[in-house]
Amino acid sequence: MSPKERKQLKILRKKLDILDNSFIKLLKKRSRLVSQVLKLKKHRSQIVDKKRISVILKNIKRKSVNNNIDPKISKRIWKNMIAAFIDYERRNFKSK
């Protein structure tokens, strides 16, 4: 890698770090909303809503295509995020 390419790489990585900071802020907002949703659930069986997950993934695919983003990347990210929040809800569910 040439010195010029190393400099470009450093600049691009800095931009990625800035973008990651934005993602963290969005993740915090999403976490708060998920916590509020969890408070409304009375039964553990309400944590996973397969119908809603299917709708979310279809919408993400459509939006990805419309925005020229590889839908496989988006789908994988959302599936992992959904799984992580399901895990969060299971760990924090309090029986009523």
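A polar contact here is a pair of N or O atoms within 3.5 Å, where one must be able to donate a hydrogen and the other to accept it. Keep that in mind for the first stop. The model is predicted.

**Stop 1: Ser 64**

Select helix H2, residues 50–66, and find Ser 64 in it. Show the side chain of Ser 64 together with that of Ser 74. A polar contact of 2.7 Å joins the two side chains. Now add the backbone of Ile 60. The Ser 64 side chain reaches the backbone oxygen of Ile 60, at 2.7 Å.

Is Ser 64 buried or exposed? Ser 64 counts as buried because its relative accessibility is 4%, and buried means under 20%. Next, select Ile 69, Pro 71 and Ser 74. Ser 64 touches these three, leaving aside residues up to four places away in sequence.

**Stop 2: the largest nonpolar core**

Stay with Ile 60, which belongs to the largest nonpolar core. Which residues make up this core? Select Leu 38, Ile 47, Ile 56, Leu 57, Ile 60, Ile 82, Ile 86 and Phe 93, eight residues in all. Colour H2 and helix H3 (71–92): each supplies at least two residues of the core. H2 gives the most, with three residues.

**Stop 3: a patch on the surface**

Move to helix H1, residues 3–40, and pick Leu 16. Add Leu 19, Phe 23 and Leu 26 to the selection. With Leu 16, these residues form a nonpolar patch on the surface. Switch on the surface display. Together the four have about 410 Å² of accessible area.

Conventions: Residues numbered from 1 in each chain as written. Predicted model: local features only at pLDDT ≥ 70, side-chain atom pairs only at ≥ 80, totals over all residues. Heavy atoms only, no water. Patch = residues over 30% accessible without salt bridge, like charges linked within 9 Å, V, L, I, M, F, W, Y side chains within 5 Å. Areas by Shrake-Rupley, 256 points an atom, 1.4 Å probe, with all protein chains shown as cover. Salt bridge = Lys/Arg side-chain N within 4 Å of Asp/Glu carboxyl O. Helix = DSSP H or I, 4+ residues; strand = E, 2+ residues; numbered from the N terminus. Buried < 20%, exposed > 50% of the residue type's maximum accessible area, 1.4 Å probe, protein only. Contact = heavy atoms within 4.5 Å. Core = buried A, V, L, I, M, F, W, Y, C linked by side-chain atoms within 4.5 Å.
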